[in-house]
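Have a look at the sequence and the 3D structure below. We'll take the tour one neighbourhood at a time.

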Amino acid sequence: MIPRRAWPVIKLALLGAFILFTILPLVQMTVLSFTATLAQDGLSLGETTLRNYRAIWADPSLRAAFGNSVAYVLINIAITIPVDLPAAFAFARLRFKGRDIIFLGYLATMMIPHDVLMIPQFVLMKKIPEWLNLVFSTD
(Lines give C-alpha, C1' and ligand atoms only; values in the text may rest on other atoms or scores of the structure.)
Protein backbone atom coordinates (compact mmCIF):
# COMPACT_ATOMS: atom_id res chain seq x y z
CA MET A 1 0.00 0.00 0.00
CA ILE A 2 1.36 3.37 -1.01
CA PRO A 3 1.24 5.99 1.76
CA ARG A 4 -1.25 8.79 1.26
CA ARG A 5 1.46 11.47 1.39
CA ALA A 6 3.34 9.83 -1.50
CA TRP A 7 0.51 10.25 -4.03
CA PRO A 8 1.24 13.91 -4.86
CA VAL A 9 4.88 13.03 -5.53
CA ILE A 10 3.87 10.09 -7.71
CA LYS A 11 1.38 12.24 -9.65
CA LEU A 12 4.00 14.91 -10.16
CA ALA A 13 6.54 12.35 -11.37
CA LEU A 14 4.02 10.87 -13.82
CA LEU A 15 3.11 14.33 -15.08
CA GLY A 16 6.80 15.17 -15.53
CA ALA A 17 7.37 11.91 -17.43
CA PHE A 18 4.39 12.64 -19.68
CA ILE A 19 5.59 16.19 -20.39
CA LEU A 20 9.09 14.91 -21.16
CA PHE A 21 7.66 12.19 -23.41
CA THR A 22 5.59 14.81 -25.23
CA ILE A 23 8.32 17.42 -25.65
CA LEU A 24 11.23 15.15 -26.66
CA PRO A 25 10.08 14.71 -30.30
CA LEU A 26 9.79 18.50 -30.64
CA VAL A 27 13.30 18.95 -29.25
CA GLN A 28 14.65 16.27 -31.58
CA MET A 29 12.93 17.88 -34.58
CA THR A 30 14.39 21.28 -33.71
CA VAL A 31 17.90 19.92 -33.19
CA LEU A 32 17.78 17.96 -36.45
CA SER A 33 16.59 21.01 -38.36
CA PHE A 34 19.90 22.71 -37.49
CA THR A 35 22.01 19.58 -38.18
CA ALA A 36 23.48 18.50 -41.52
CA THR A 37 22.04 15.05 -42.19
CA LEU A 38 23.63 14.67 -45.64
CA ALA A 39 27.31 15.17 -46.35
CA GLN A 40 27.65 18.09 -48.78
CA ASP A 41 30.53 20.15 -50.11
CA GLY A 42 32.12 22.12 -47.28
CA LEU A 43 29.81 20.55 -44.70
CA SER A 44 30.45 17.41 -42.71
CA LEU A 45 27.80 15.07 -41.40
CA GLY A 46 26.36 16.17 -38.05
CA GLU A 47 27.63 19.73 -38.26
CA THR A 48 25.37 22.52 -36.99
CA THR A 49 24.25 24.80 -39.80
CA LEU A 50 21.52 27.14 -41.00
CA ARG A 51 21.71 25.76 -44.55
CA ASN A 52 18.35 23.97 -44.25
CA TYR A 53 16.57 27.20 -43.39
CA ARG A 54 18.35 29.12 -46.15
CA ALA A 55 17.20 26.47 -48.63
CA ILE A 56 13.60 26.81 -47.45
CA TRP A 57 13.54 30.59 -47.84
CA ALA A 58 15.34 30.41 -51.21
CA ASP A 59 12.65 28.19 -52.75
CA PRO A 60 9.67 30.28 -53.95
CA SER A 61 7.18 27.41 -53.68
CA LEU A 62 8.08 26.81 -50.03
CA ARG A 63 7.80 30.52 -49.29
CA ALA A 64 4.37 30.52 -50.91
CA ALA A 65 3.33 27.47 -48.90
CA PHE A 66 4.46 29.20 -45.69
CA GLY A 67 2.53 32.33 -46.70
CA ASN A 68 -0.58 30.23 -47.39
CA SER A 69 -0.30 28.62 -43.97
CA VAL A 70 0.05 31.97 -42.21
CA ALA A 71 -2.89 33.43 -44.16
CA TYR A 72 -5.04 30.38 -43.39
CA VAL A 73 -4.31 30.61 -39.66
CA LEU A 74 -4.94 34.36 -39.48
CA ILE A 75 -8.23 34.10 -41.39
CA ASN A 76 -9.29 31.19 -39.20
CA ILE A 77 -8.54 33.19 -36.05
CA ALA A 78 -10.29 36.29 -37.43
CA ILE A 79 -13.46 34.28 -38.07
CA THR A 80 -13.37 31.97 -35.05
CA ILE A 81 -12.92 34.48 -32.24
CA PRO A 82 -15.81 36.83 -33.11
CA VAL A 83 -18.15 33.87 -33.66
CA ASP A 84 -17.12 31.58 -30.82
CA LEU A 85 -16.85 34.08 -27.97
CA PRO A 86 -20.48 35.25 -28.09
CA ALA A 87 -21.64 31.67 -28.69
CA ALA A 88 -19.70 30.48 -25.65
CA PHE A 89 -21.21 33.26 -23.54
CA ALA A 90 -24.73 32.42 -24.76
CA PHE A 91 -24.34 28.71 -24.07
CA ALA A 92 -22.80 29.31 -20.64
CA ARG A 93 -25.02 32.09 -19.26
CA LEU A 94 -28.30 32.27 -21.14
CA ARG A 95 -31.24 29.88 -21.00
CA PHE A 96 -33.32 29.69 -24.17
CA LYS A 97 -35.50 27.18 -25.98
CA GLY A 98 -33.49 24.67 -28.02
CA ARG A 99 -30.19 25.59 -26.34
CA ASP A 100 -29.18 21.98 -25.67
CA ILE A 101 -29.99 20.84 -29.20
CA ILE A 102 -28.06 23.73 -30.76
CA PHE A 103 -25.13 23.06 -28.42
CA LEU A 104 -25.17 19.37 -29.37
CA GLY A 105 -25.09 20.31 -33.06
CA TYR A 106 -22.25 22.74 -32.38
CA LEU A 107 -20.25 20.05 -30.60
CA ALA A 108 -21.02 17.49 -33.31
CA THR A 109 -19.62 19.76 -36.02
CA MET A 110 -16.48 20.36 -33.97
CA MET A 111 -15.95 16.61 -33.54
CA ILE A 112 -15.78 15.87 -37.28
CA PRO A 113 -12.12 15.09 -38.00
CA HIS A 114 -10.39 17.38 -40.47
CA ASP A 115 -9.22 14.34 -42.46
CA VAL A 116 -12.83 13.51 -43.34
CA LEU A 117 -13.40 16.98 -44.81
CA MET A 118 -10.02 17.36 -46.50
CA ILE A 119 -10.75 15.40 -49.71
CA PRO A 120 -14.16 17.01 -50.40
CA GLN A 121 -12.59 20.45 -49.87
CA PHE A 122 -9.77 19.58 -52.26
CA VAL A 123 -12.21 18.38 -54.93
CA LEU A 124 -14.27 21.57 -54.49
CA MET A 125 -11.21 23.77 -54.94
CA LYS A 126 -10.16 21.84 -58.08
CA LYS A 127 -13.63 22.31 -59.64
CA ILE A 128 -13.61 26.09 -59.25
CA PRO A 129 -11.23 27.16 -62.07
CA GLU A 130 -11.36 30.87 -61.19
CA TRP A 131 -9.68 30.11 -57.86
CA LEU A 132 -6.69 28.34 -59.37
CA ASN A 133 -3.35 30.15 -59.05
CA LEU A 134 -4.65 32.35 -56.28
CA VAL A 135 -3.27 32.41 -52.74
CA PHE A 136 -5.31 29.38 -51.66
CA SER A 137 -4.85 27.46 -54.91
CA THR A 138 -4.34 23.69 -55.01
CA ASP A 139 -2.10 23.73 -58.10
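## Ser33 and its neighbours

Leaving out residues up to four places away in sequence, Ser33 touches Thr49, Asn52 and Tyr53. Keep in mind as you look around that this is a predicted model. Ser33 itself sits in helix H1. Is Ser33 buried or exposed? Its relative accessible area is 17%, so Ser33 is buried, given that buried means under 20%.

One of those neighbours gets a closer link: the side chains of Ser33 and Tyr53 are joined by a polar contact of 2.7 Å.

## Thr49, in the loop

Now hop over to Thr49, one of the residues Ser33 touches. You'll find Thr49 in the loop that runs between helix H1 (7-33) and helix H2 (51-58). Being in a loop doesn't put Thr49 among the exposed residues here: its relative accessibility is 14%, so Thr49 counts as buried.

What does Thr49 touch, if you skip residues up to four places away in sequence? The list is Ser33, Phe34, Ala36 and Leu43. There's also a link to a residue just along the chain: the side chain of Thr49 reaches the backbone nitrogen of Arg51 at 3.0 Å.

## Where H2 meets H3

Next up is a pair of helices. H2 packs with helix H3 (residues 60-93) at an angle of about 85°, and their axes are 5 Å apart. How are the two helices oriented to each other? Angles of 65 to 115 degrees count as roughly perpendicular, and therefore H2 and H3 are roughly perpendicular to each other.

Which residues make this meeting happen? From H2 come Ile56, Trp57 and Ala58, and on the H3 side they meet Pro60, Leu62, Arg63 and Phe66. Sorted by class, the contact of H2 with H3 has six nonpolar residues, one charged residue and no polar ones.

## Aromatic rings

Time for some rings. To describe a pair of aromatic rings, you give the distance of the centres and the angle of the planes. How many aromatic pairs are there in this model? The count comes to five aromatic pairs. Take Trp57 and Phe66: their ring centres are 5.1 Å apart and their planes are at 80°, so this pair is edge-to-face. Anything over 60 degrees counts that way.

Both partners also have some surface showing. Trp57 has 43% relative accessibility, so Trp57 counts as partly exposed, and Phe66, at 47%, counts as partly exposed too. Elsewhere, Phe91, Phe96, Phe103 and Tyr106 form one aromatic cluster.

## Sequence distance and space distance

Two more residues are worth a visit. Ala90 is in helix H3, and with a relative accessible area of 18%, Ala90 is buried. How far is Ala90 from Thr48? The two are 42 residues apart in sequence, and 53 Å apart in space from C-alpha to C-alpha.

Pro25 belongs to helix H1. Its relative accessible area is 45%, so Pro25 is partly exposed. Pro25 and Leu50 are 25 residues apart in sequence, with 20 Å between their C-alpha atoms in space.

Technical notes
Residues numbered from 1 in each chain as written. Predicted model: local features only at pLDDT ≥ 70, side-chain atom pairs only at ≥ 80, totals over all residues. Heavy atoms only, no water. Helix = DSSP H or I, 4+ residues; strand = E, 2+ residues; numbered from the N terminus. Buried < 20%, exposed > 50% of the residue type's maximum accessible area, 1.4 Å probe, protein only. Polar contact = N/O pair within 3.5 Å; in protein donor to acceptor, adjacent residues only side chain to side chain. Contact = heavy atoms within 4.5 Å. Axes fitted to C-alpha atoms, helices over the stretch in contact; angles between N-to-C directions. Parallel < 35°, antiparallel > 145°, perpendicular 65-115°, else oblique. Nonpolar A, V, L, I, M, F, W, Y, C, P; charged D, E, K, R; others polar. Phe/Tyr/Trp six-rings, centres within 6.5 Å; stacked < 30°, edge-to-face > 60°.
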